[in-house]
Amino acid sequence: MASHIYTATHAIVLDTFREAFARKIFWGLFGLSTAMVLFFLFIMKIDIVEGAAATISMFGLQSGKEVDAARLVKQVQAGVATFLYTWGMFLAVFASAGLIPSVLEPGRIELLLSKPISRTHLLLGRFLGNLMVVSFNIVYLVAGVWLILAFKTNIWRPEFLISIVSTIFLFSILLSVVTLIGVTLESTALAVMIPAALMVISPILAQHKIMMRLLGSEWSRRMWRGLYEVLPKVYDLGKMTLDFVSDRGVESFTPVYSSAAFGAGVLALAVYIFQRRNF
Amino acid sequence: MSELAIEMNSLRKVYRSFWGGRTVLAVDGVTLRVERGTTYGLLGPNGAGKTTCVKMLLGAVHPTAGTAHLFGRDASEAEARRLVGYLPENHRFPTYLTANSMLDFHGALSGMDARARKRRIPELLELVGLGRWGGVRLGKYSKGMLQRVGLAQALIHEPRLLILDEPSDGVDPVGRKQIRDILHSLEESGVTIFVNSHLLGEVEAFCRDVAILDKGKVVLEGTVKELTAGKGYRLTVPAALPDNLRAEIARAASSMTAKDGVMEVQFSARSEANRAIDLLRGGQIEIEALTPTTSTLEDVFMRSIHG
């Protein structure tokens, strides 16, 4: 029984990778990550002067003044983490949004459901495969940039590696939304638009302290507060990662717990709907 | 394990629109029993509910009422499908897969380990006549080839029940013969075969039992032999026959139907019809008509659908 679960899960994950390869999703993400890694490897040159100061040169142009090497590395890493949290996340959602609705196509889903595996297993296997496609690229990009910067400056900052965990964590939450949209509406377009909307709305909702003062009615304040509490805190999680990467203290881990609860709840709802649907 | 491969009891499916306004009754109290080792054909016009019945058996559609069992296990349990191979109508295999990778994927989902899959895949591709096509992407396959590789997919884990939805759809005559031969050899090895098809000639030639579905209900069920018993000679005589004569004729006849003052007696062999004529003439009974009949499953089908 346990070996069947492993064999079937491995097969579903492998199939997701095959589809990601065939749709050029994997290669698209891999290409972008490689471009970034190559940028840090060949284009951006960091020259360490007297052990602690550094100068940067790109395309043969050198920065005029020396900067603190440790601070430079920290800032570059923070920049990469910010890129991952914004454009990287959007690209990952955009690229992988079609991988859930594609298995629900008539003629394909009936065949999968006729196998001796549960619907929950099938959906979560696909979710895992999708997550692994993106995770592979996140690990490759972050670890690649980290190693290049470390070899170039001899500054080894493991704090940057936390962005691997936090980015995968955030993607898993957005992927649960993609999965829910996939099993209910089978729309790739909406599976991109709704997570993107959550990403856009998050920094606005995060200004709740200011908004509590500005909003006139109690009802609208509650509404704002409720949305902020319930929806995934993309902005707060990104800020937490940046704080961590930049050696600033993390104020609270509440955004992690509440976003995890949102992701788990949405994924559970997706599984529940998938179990009840007729195909 | 149950003696029945498939058991449907008062199976009913009502599709409701999202807001619950419009409803469609797709299957209306279907009860069917398919014995293990038999070949069973499910017939019916488009929209009769055949595919919905099959999907309820495979857990793809949830019944509104009634129960379905596979080898005695509730069909809604994933484990009930372990012994089942399925080839859907209008299947859509991902075109990025090769036959080898597609069969490997479905074998793994069916619980086969890697070694068993590696052994089984070339055997199966050879069996369906695609031995040299294993490494070619399915996007390059013709419809007939896809149907054959689909059959290989259904057979990958050596199922004891094969459910086929229009198995020879799009296959050329040579391919059809090949599929029929494969199914015959499976039948001989005791595999139960359940075919959902509109190709009546094929079902008649291949299946032992059939059921005809119309508007979600079983309108006729029996062995092909029974249902096509009309093939032969039909003798029309007055309905009021002496009891002893009626009993004598009934022994030789395959069916007797009294209607509008006349009795229609069906014989499957000429000798039986001749013997009945002799008996009737001996009993001074007038024979109204003697007609050769050529009832096929198609005749039976059309009669049961159109009345």
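A disulfide, for this tour, is a pair of cysteine sulfur atoms within 2.5 Å. Keep that cut-off in mind, and remember that what you have open is a predicted model.

**Stop 1: the cysteines of chain B**

Apply that rule over all chains and the count comes to 0 disulfides. For an example, select B:C53, which is in no disulfide: the nearest cysteine sulfur belongs to B:C207, 16 Å away. Is B:C53 buried or exposed? B:C53 counts as buried, because its relative accessibility is 0%.

Now select B:C207 and look back the other way. The closest cysteine sulfur to that of B:C207 is in B:C53, and 16 Å is too far for a bond. B:C207 is buried as well, with a relative accessible area of 6%.

**Stop 2: chain A as a whole**

Hide the rest and show chain A as a cartoon. You should find 11 helices and 4 strands. Along the principal axes, the C-alpha atoms fill a box of roughly 70 × 50 × 35 Å. Chain A has 279 residues, and 53% of them count as buried. If you draw a contact map, take the contacts between residues at least 6 apart in sequence: 71% of these join residues at least 24 apart.

**Stop 3: helices α6 and α11**

Select residues 162–185 of chain A for α6 and residues 254–276 of chain A for α11. How do these two helices pack? Their axes are 8 Å apart, at an angle of about 25 degrees. Angles under 35 degrees count as roughly parallel, so α6(A) and α11(A) are roughly parallel to each other. Their crossing is left-handed.

Show side chains to see who takes part. On the α6(A) side, the residues making the contact include A:F169, A:I173, A:V177, A:L180 and A:V183. From α11(A), among them are A:F262, A:G263, A:V266, A:L269 and A:I273. Colour this contact by class and you will get 14 nonpolar, 5 polar and no charged residues.

**Stop 4: helices α3 and α7**

Next, pick α3 (69–96) of chain A and α7 (residues 188–205) of chain A. The axes of α3(A) and α7(A) come within 9 Å and cross at roughly 160 degrees. Since angles over 145 degrees count as roughly antiparallel, α3(A) and α7(A) are therefore roughly antiparallel to each other. This crossing is right-handed.

Which residues meet here? A:Y85, A:T86, A:M89, A:F90, A:V93 and A:F94 come from α3(A), while α7(A) brings A:A191, A:V192, A:P195, A:A196 and A:M199. By class, that makes 10 nonpolar, 1 polar and no charged residues in the contact of α3(A) with α7(A).

**Stop 5: A:S202, in α7**

Stay on α7 of chain A and select A:S202, which lies in this helix. A:S202 counts as buried because its relative accessibility is 4%. Beyond its neighbours within four places in sequence, what does A:S202 touch? It is in contact with A:P232, A:K233, A:V234 and A:Y235.

**Stop 6: A:G98, in a loop**

Finish with A:G98, found in the loop between α3 and α4 (109–113) of chain A. A:G98 is buried, with a relative accessible area of 6%. Leave out the neighbours within four places in sequence, and A:G98 is in contact with A:R23 and A:T188. Last, draw a distance from A:G98 to A:A189: the two are 91 residues apart in sequence, yet 8.4 Å apart in space, C-alpha to C-alpha.

Conventions. Residues are numbered from 1 along each chain as its sequence is written. Chains are lettered from A and ligands numbered from 1 in the order in which they are written. This is a predicted model: local features need pLDDT of at least 70, side-chain atom pairs count only at pLDDT 80 or more; totals for chains, interfaces and linings use all residues. Side-chain values use heavy atoms; hydrogens and water are left out. Axes are lines fitted to C-alpha atoms, for helices over the stretch in contact, and angles run from 0 to 180 degrees between N-to-C directions. Angles under 35 degrees count as roughly parallel, over 145 as roughly antiparallel, 65 to 115 as roughly perpendicular and the rest as oblique. A crossing is left-handed if the near helix is turned anticlockwise from the far one by less than a right angle, and right-handed if clockwise. Contact means heavy atoms within 4.5 Å. Ala, Val, Leu, Ile, Met, Phe, Trp, Tyr, Cys and Pro count as nonpolar, Asp, Glu, Lys and Arg as charged, and the others, Gly among them, as polar. Buried means under 20% relative accessible area, exposed over 50%, partly exposed in between (1.4 Å probe, protein chains only).
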